[in-house]
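Dear colleague,

I am handing over the structure that we talked about, together with notes on what was found in it. Please look at the sequence and the model first, and then read on.

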Amino acid sequence: MELFEVMQRRRSIRHYKPDAVEPEKIRRLLQAAFLSPSGRNIRPWHFIVVDDRSLLDQLANAKSGARPLKTAPLAIVIAADEDTTDIWIEDSAIAAEHIHLAATDLGLGSCWVQIRGRQSITADITAEKYVQKLLGLPQSYRITCIIAIGYPVETKRPHEPEIEWDKVSHNNYGKALKL
Ligand SMILES: Cc1cc2nc3c(=O)[nH]c(=O)nc-3n(C[C@H](O)[C@H](O)[C@H](O)COP(=O)(O)O)c2cc1C
């Protein structure tokens with residue numbers, strides 16, 4: 001698929017078929033992740049590929065809004081070592097979007113599940129601590145999000161490539177750009 005078509009077709013898919021994602025596609029998703037740029041090329045990530053149903057169900061309980069993980073047969077947890085860089089959030093977000101876009105290109109649905117800054121369902125710990133504990137991640141490995149992945153049950157219309165002109169300025173804030 002051409003890049004703009006992939007970007008337009010990328011939608012948040014929250015219901016999946018139980019069919020497993022093929023190993024070759026998982027390999028492509030990881031290649032996409034490692035093609036991400038990172039600040040000073042530190043590459044602080046660690047990606048945990050989760051396909052164990054019991055773990056996926058427990059991840060779905062990490063917080064409210066983790067519903068896509070209830071049916072997804074696959075999830076990639078995006079972690080990054082904060083001891084190596086102060087911009088692990090940016091590095092993680094870019095890798096997450098690479099995976100999100102690659103999934104679309106591979107005919108898979110996917111959804112970003114936010115973990116950083118969220119409370120767990122029971123609210124006694126953060127969603128991040130819950131996931132770190134569940135997956136045995138060292139404390140310095142911070143978790144921005146989990147990408148839920150699988151073959152979609154739902155179909156969503158591709159986005160139109162629209163520009164919101166009121167969110168664009170030319171040289172100075174508020175000055176319209178004329179193209
Ligand atoms: C930073 C970020 C956090 C998000 N967190 C969640 C989430 O926790 N759960 C969820 O179901 N969707 C989540 N989403 C998906 C958004 O709701 C979705 O991207 C948005 O509604 C636009 O829809 P689209 O992805 O189909 O274009 C998140 C997306 C982003 C970029």
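**Cysteines, ligand and loops**

The structure holds 0 disulfides, a disulfide being a pair of cysteine sulfur atoms within 2.5 Å. Please keep in mind that this is a predicted model, in which local features need pLDDT of at least 70 and side-chain atom pairs count only at pLDDT 80 or more, while totals for chains, interfaces and linings use all residues. Residues are numbered from 1 along each chain as its sequence is written, and side-chain values use heavy atoms, with hydrogens and water left out.

Why do C111 and C145 form no bond? The sulfur of C111 has its closest cysteine sulfur in C145, at 10 Å, which is too far for a bond. Both side chains belong to buried residues, with a relative accessible area of 2% for C111 and of 0% for C145. Here buried means under 20% relative accessible area and exposed over 50%, with partly exposed in between (1.4 Å probe, protein chains only).

Strand β3 covers residues 109–114, and because 5 of its 6 residues are buried, the strand is largely enclosed by the rest of the structure. Helices (H or I, at least four residues) and strands (E, at least two) are DSSP runs, numbered from the N terminus. The partner of β3 is strand β4 (residues 141–150), and the two pair in the antiparallel sense over 6 bridges, where pairing requires that DSSP finds at least two bridges between two strands. Within this pair, W112 stands opposite I147 in β4.

Strand β3 also gives the largest share of the shell around the ligand, with 4 residues. The residues around the ligand are R10, R11, S12, R14, K63, G65, P68, C111, W112, V113, Q114 and H159, a residue being near a molecule or strand if one of its heavy atoms lies within 4 Å of it. As for polar atoms, an N or O atom in the side chain of R11 is 2.7 Å from an oxygen atom of the ligand, a backbone N or O atom of G65 lies 2.9 Å from a nitrogen atom of the ligand, and a polar backbone atom of Q114 is 3.0 Å from an oxygen atom of the ligand. Of the 610 Å² of accessible area that the ligand has on its own, the protein covers 60%; these areas come from the Shrake-Rupley method with a 1.4 Å probe, and for residues only the protein chains shown count as cover.

The loop between α2 (23–34) and β1 (45–50) contains S36, and the same loop between α2 and β1 contains R40. Is S36 buried or exposed? With 2% relative accessibility, S36 counts as buried. Leaving aside residues up to four places away in sequence, S36 touches R43, W45, I94, A95 and H98, where contact means heavy atoms within 4.5 Å. The side chains of S36 and H98 are also joined by a polar contact of 3.4 Å, that is, a pair of N or O atoms within 3.5 Å; within protein, one must be able to donate a hydrogen and the other to accept it, and residues adjacent in sequence count only if both atoms are side-chain atoms.

R40, by contrast, counts as exposed at 70% relative accessibility, and its phi is near 50 degrees, a positive value in a residue other than glycine. Most residues other than glycine have a negative phi. A positive phi, near 65 degrees, is also found in N171, which has its place in the segment after β4 and counts as exposed at 68% relative accessibility.

With best regards
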